[in-house]
Amino acid sequence: SLLVSLYCVTTKKNVAALRHEAYTVDFIKKQIEEFNIGKRHLANMMGEDPETFTQEDIDRAIAYLFPSGLFEKQARPIMKHPEQIFPKQRAIQWGEDGRPFHFLFYTGKQSYYSLMHEAYGKLLEAEKHQNQLQAKGLFSEKTKTKDLIGSRWLIKEELEEMLVEKLSDQDYAQFIRLLERLLTLHCGAKEEFVQRFRRSITVQSKKQLIEALQYDEQGTAFSTSEGKRKSAKAEAVVYEHGSGKISINGIDYLLYFPVTQDREQLMFPFHFLDRLGKHDATCTVSGGGRSSQAGAIRLALARALCSFITEEEVEWMRQAGLLTADPRVRERKKPGQEGARRKFTWKKR
Amino acid sequence: MLKRMTRLVSGARQLDPGRLLHGGPQAPQSLAAHPDNQVPDGSPRAVSCTSEGDPARHGEQHEARHYCIPLQDLRTTFPHGLPPRFGMQVRTFNEACLMVRRPALELLHYLKNTNFAHPAVRYVLYGEKGTGKTLSLCHVIHFCAKQDWLILHIPDAHLWVKNCRDLLQSTYNKQRFDQPVEASSWLKNFKTANERFLSQIKVQEKYVWNKRESTEKGHPLGEVVEQGLTHVRNATDAVGIVLKELKSQSRLGAFRLLVAVDGVNALWGRTTLKREDKSPVAPEELALVHSLRKMVRNDWHGGAIVLTLSQTGSLFKPRKAYLPQELLGKEGFDALDPFIPILVSNYSPKEFESCIQYYLENSWLQHEKAHTEEGKKELLFLSNANPGQLERLCAYL
């Protein structure tokens, strides 16, 4: 007969569980203690105060004590809090009698479904509240777009990390749809619940370095900046008042770049800002070839022009791609191939 | 654009009321017979074109305007002299319009005031690549042709020092080399350009070509030219004789001689020609170059010498070289010293505007932005007011 032991046959069940769970809770706790002690030892070694030793100090100390020449940053030695190193585990979900704690355990994705359940509960409450308000006639339209700007929904990976569970794309889409539907019902009490699932993106990448203007003897303003492309380095000095002359390494740009394509590259920043004949420029460039020198000068000119224009125009330039350094460099040749991608001629025999 | 037109039109400009725009010095043609279908009202073409067809009357007020050379004149005066791109433009537009520019005006002024008793003055047009030296030379040649001078025009001296397939040993002087092909083609063009002089000028010596043929003293120069054309082997010698005769007879005052050489730095540079044993040939060893060098020396009077430096066809010279010192080398500079250098530079804003107007009027620029201010600024930036570059750019639009 089937003997269902009510007492926890811990050995068999926990062994099975241990296959999925590599680290026990005690193990993690021990690691945390060891980490803290090690942090204090490291602080003593470096001669700093153990109490105020932050994670950045730890990183700097490790980089100093264990210098590594590996290119892959994640392969270098690190010392971080165990919570960041060991992946989040789930504690054993059932008790000694084998009964799971959570009521949705047998769905398979208990945290996800519990979250959906909670969210739907809130949705129903909000609808009830709204119906009450409408019945009383106190319904007021409120636009809530302000908190949507500057923030975004969690992506699927972040949600998985939060719930410590695998999700499918449809699950994720369903969840986001539910939250958006919740947002459409104007109800202030649900704000915090929804905000848990939004991350801010106020850190826009338009933090552009705008160089200061310098003034030379006559009082004309000018600004200097550099640009790089593919192994050509260029430095440009743009003067505020001029007639559109550009001289490169002391030579006029018409003679330095006999090809029209290169001159069109130089024209791009000025033409974009409609300031074709208004600025003078002097540049120095070295390295690279004809086309990469033109690209480097273009980047330098665009960056130098940032000092003369408004913030909005800087944003337009950034969106046009004038202020981004081209990351393409020459790909390395691999052994066993003739070039970076080209393979040797394949002979059948 | 209308504002621009009124501004330029209200500037100093005289248009004879009876003259039509494309007339030139010949009888006024009716507009209906005109090949171009331009709008007959005066103002659009007055901006970039002028009706003054005679270079002798070109002055400051005509600066930056185009003037027309009638096509028959073109065939007689410039059988070989126009640069190829300009020739294509002439064929496309069906008219030859040259811009009147300051260096050319300066040269014309000097030429008008030359004293023919003094030795011939040498004028050297120099400048960056594509600034209009050859076309300025053509302007001057047209002027001299109108003034009835004898024109000795070598379109490109570089053609004589490179890419020559047959080099014969010269019959006249054993150390030198003949170039029959180049000499005969030049003789043909010389004949077309100066037909009327060939019968007037008489040779002053007897020249023996071979056992059976000779040219007696007192015979017209045309005979020498014919001899050179029919017997290609003697063509180089014929050229040498023509040059010598013209030089000696110009002092007599029967005619005025203009020596116009384009790419004169070829005469003193290096050549790419080789002898049969692959040793290089120096320019002095070419008979044509030798006779031309004698011509360009200023030991004769009764005319003028106008020269142009050119890097485009030159051999073994860096691309950015444009000064006389760099292109001629020490030897050439000493040989040409003293000379009057005339710098030909890029377009001034007025000239640039005029050139764009000319292209617009001939419907050459089809791009919709070509009419606008931004389009013009773009073209100005891209070509940096260099006439050659502008022409190449506009070819795509």
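**Exercise 1.** Is H139(B) buried or exposed, and what is its relative accessible area? Place the residue in its element and list its contacts from farther along the chain.

*Solution.* The model is a predicted one, and the values below are computed from it. Begin with the element: H139(B) belongs to helix α6 of chain B, which covers residues 133–146. Next take the accessibility: the relative accessible area of H139(B) is 1%, and because buried means under 20%, H139(B) counts as buried. Finally, set aside the neighbours within four places in sequence; H139(B) is then in contact with P55(B), H58(B), Y67(B), L98(B), M99(B), V100(B), A104(B) and L108(B).

**Exercise 2.** Work out which residues of chain A supply the most buried area against chain B, and describe the interface around them.

*Solution.* Start with the extent of the interface, in which 18 residues of chain A are in contact with 15 residues of chain B. The two chains, A and B, bury about 1500 Å² between them, and 62% of this area is on carbon and sulfur atoms. Of the area that chain A buries against chain B, 35% is supplied by L254(A), L255(A) and L276(A), which is more than any other three residues give.

Then turn to the pairs that cross the interface of chain A and chain B: the rule finds zero salt bridges there, while seven residue pairs are in polar contact, with both residues at pLDDT 80 or more.

The elements come next, and those giving two or more residues to the side of chain A that touches chain B are β7 (251–252), α9 (253–256) and α10 (260–272) of chain A. The largest share, seven residues, comes from α10(A). By residue class, this side of chain A divides into 10 nonpolar, four polar and four charged residues.

**Exercise 3.** Describe the largest nonpolar core, and follow one of its residues, L336(B), to its contacts.

*Solution.* The largest nonpolar core has 58 residues, and those with the most contacts inside it are L152(B), L246(B), L257(B), V261(B), V264(B) and L336(B). Helix α10 of chain B, residues 235–250, gives the most to this core, with seven residues. For L336(B), once neighbours within four places in sequence are left aside, the contacts are R122(B), V124(B), V264(B), W268(B), V296(B), L307(B) and L328(B). Apart from this core lies another, of 54 residues, among them L276(A), C68(B), Y358(B) and L365(B). L276(A) has already appeared in Exercise 2, as one of the three residues that supply 35% of the area chain A buries against chain B.

For chain B as a whole, buried residues make up 53% of its 397 residues, and the chain has 15 helices and 11 strands. Among the contacts in chain B with a separation of 6 or more, 73% are between residues 24 or more positions apart.

**Exercise 4.** Explain why P82(A) and G295(A) are both classed as buried, and place each in its helix.

*Solution.* P82(A) is in helix α4 of chain A, residues 82–85, whereas G295(A) is in helix α11 of chain A, residues 290–305. The relative accessible area of P82(A) is 4%, so it is buried; that of G295(A) is 12%, so G295(A) is buried as well. Not counting residues up to four places away in sequence, P82(A) touches Q31(A), I32(A) and F35(A). As a last step, consider distances from C-alpha to C-alpha: P82(A) and K343(A), 261 residues apart in sequence, are 45 Å apart in space, and G295(A) and I78(A), 217 residues apart in sequence, are 39 Å apart in space.

Conventions
Residues are numbered from 1 along each chain as its sequence is written. Chains are lettered from A and ligands numbered from 1 in the order in which they are written. This is a predicted model: local features need pLDDT of at least 70, side-chain atom pairs count only at pLDDT 80 or more; totals for chains, interfaces and linings use all residues. Side-chain values use heavy atoms; hydrogens and water are left out. Contact means heavy atoms within 4.5 Å. Buried area is the accessible area (1.4 Å probe) that two parts lose on being put together, summed over both. A salt bridge is a side-chain nitrogen of Lys or Arg within 4 Å of a carboxyl oxygen of Asp or Glu. A polar contact is a pair of N or O atoms within 3.5 Å; within protein, one must be able to donate a hydrogen and the other to accept it, and residues adjacent in sequence count only if both atoms are side-chain atoms. Helices (H or I, at least four residues) and strands (E, at least two) are DSSP runs, numbered from the N terminus. Ala, Val, Leu, Ile, Met, Phe, Trp, Tyr, Cys and Pro count as nonpolar, Asp, Glu, Lys and Arg as charged, and the others, Gly among them, as polar. A nonpolar core is a set of buried Ala, Val, Leu, Ile, Met, Phe, Trp, Tyr and Cys residues joined through side-chain atoms within 4.5 Å. Buried means under 20% relative accessible area, exposed over 50%, partly exposed in between (1.4 Å probe, protein chains only).
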